[in-house]
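Reader: Please take a close look at one part of this model, the ligand and the space around it. Keep it brisk.

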Amino acid sequence: MPRVFSGIQPTGELHLGNLLGAVRNWVEDQHRADSFYCVVDLHALTVPGEPGALGRQTLDLAAALLACGLDPEVCTLFVQSHVPEHTSLGWIMQCTTSFGELRRMTQFKDKSQGQESVSAGLFSYPALQAADILLYDTDQVPVGEDQRQHIELTRDVAERFNARYGDTFVVPAATIPRAGARVMDLQQPERKMSKSTSGDAGIVRLDDDPAVVVKKFKRAVTDSLGEVRLDVDHQPGVTNLLSILAASTGRSPEEVAGAYDQYGPLKADTGEAVVELLRPIQERLGELRSDPGAVAEALRRGADKAGGVAAEVLERAERSIGLLPRR
Ligand code: AQP
């Protein structure tokens, strides 16, 4: 069985981009791979947040992931800070990654733009992300398109470490879905839909009311060309709607594009398809939110299992480097 690892930040509520770009594949992968999924709370510290809110957001995000279909009896779902090996290997990865590599990361450029103060953690977090992945001897990392560059960096760093200290890490590969890999903001379709940067009208949250979802799609920004074509450069809004409709209904974007010649019906059908996609998730989310103890218990069991694997791999890396063993 291949080993799969992926993570998500508890920086806000799960949105349609997270679901179509990553989480839906996690749910499928858990049945065909030995899968580890991590709520990466330490990554959330790279940008300022409301003091004291992180624990609640972490639990809520875990409940949302379970509502999407992750089964803690089948996969390993855990919280990054519950497995301290992540920070230990994170430092080793910082010392294996170059300043120039981190400076080229486009997410850093995007997220640091216009900020009064930028943390050193925001700059170096791709090294911690590399540690997250490498700690589990990961073969495949299911992510959205925006994470492609970080997974490439992880591969480079793993290969560099292996060349420098001897074969230690499995070199992972990204798995990116064909439809839904890059869901764009409904109001600014040239920007990705994002937990922390999208305004309310541009983002579809997992627990948005059906009427709200329909309204957001009705008001989605398109263009004045009056044609329904897949053309991300000239018609980013229309292309986004076609991609979302395709990903939500299991069709190809080309097939969906051929079925419409007006924006109104395209918006209405996309809204309805997303409402249907979210309906069962929202029902389960209601049940899970009423039992936070069960969610916390699933995370505890996940951390125990993840910690066992992570400790072995960290020790292997420390031995490769030649750090003095504890015993
Ligand atoms: N718009 C998107 N389309 C497709 N996939 C997406 N992902 C995120 N946004 C989209 C994928 O979701 C997974 C978890 O992402 P994350 O929360 O760890 O970080 P992110 O990519 O930075 O997501 P956000 O929503 O933009 O969060 P913030 O605003 O906190 O940075 C990843 O696999 C990602 O590819």
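Which residue places a polar side-chain atom 3.0 Å from an oxygen atom of the ligand?

Author: That residue is Asn-18: a polar atom of its side chain lies 3.0 Å from a ligand oxygen. Bear in mind that this is a predicted model.

Backbone atoms make contacts too. A polar backbone atom of Gln-9 is 3.2 Å from an oxygen atom of the ligand. At Val-183, a polar backbone atom is 2.7 Å from a nitrogen atom of the ligand. Taken alone, the ligand exposes 640 Å². The protein buries 98% of that area.

Now the site itself. The ligand sits in the largest pocket. Three elements each give two or more residues to the shell around the ligand: β1, α1 and α6. The largest share comes from α1, with four residues. The shell counts 24 residues around the ligand. Those that come nearest are Thr-11, Lys-111, Asp-146, Lys-195 and Ser-196. By class, 13 residues of the shell are polar, six are nonpolar and five are charged.

Step back to the whole pocket. Its volume is about 950 Å³. The lining has 45 residues. Closest to the pocket centre are Gln-107, Lys-111, Asp-146, Gln-147 and Lys-192. Five elements each give two or more residues to the lining: β1 (3–8), α1 (16–29), α6 (106–112), α7 (120–134) and β4 (140–142). Here, too, α1 gives the largest share, this time six residues. The lining divides into 20 polar, 15 nonpolar and 10 charged residues.

Two names deserve a second look. Lys-111 and Asp-146 are among the residues that come nearest to the ligand. Lys-111 and Asp-146 are also among those closest to the centre of the pocket.

One backbone detail remains. Both α7 and β4 give residues to the pocket lining. The loop between α7 and β4 holds Asp-137. Asp-137 has a positive phi of about 45 degrees, although it is not a glycine. Most residues other than glycine have a negative phi.

Definitions and conventions:
Residues numbered from 1 in each chain as written. Predicted model: local features only at pLDDT ≥ 70, side-chain atom pairs only at ≥ 80, totals over all residues. Heavy atoms only, no water. 1 Å grid on protein atoms, 1.4 Å probe; cavity = no way out; pocket = protein on both sides within 12 Å on 5 of 7 lines; lining within 4 Å. Points joined across faces, edges and corners; volume = space filled by probe spheres on them. Nonpolar A, V, L, I, M, F, W, Y, C, P; charged D, E, K, R; others polar. Near = heavy atom within 4 Å. Polar contact = N/O pair within 3.5 Å; in protein donor to acceptor, adjacent residues only side chain to side chain. Areas by Shrake-Rupley, 256 points an atom, 1.4 Å probe, with all protein chains shown as cover. Sits in = over half its atoms within 2 Å of the grid points.
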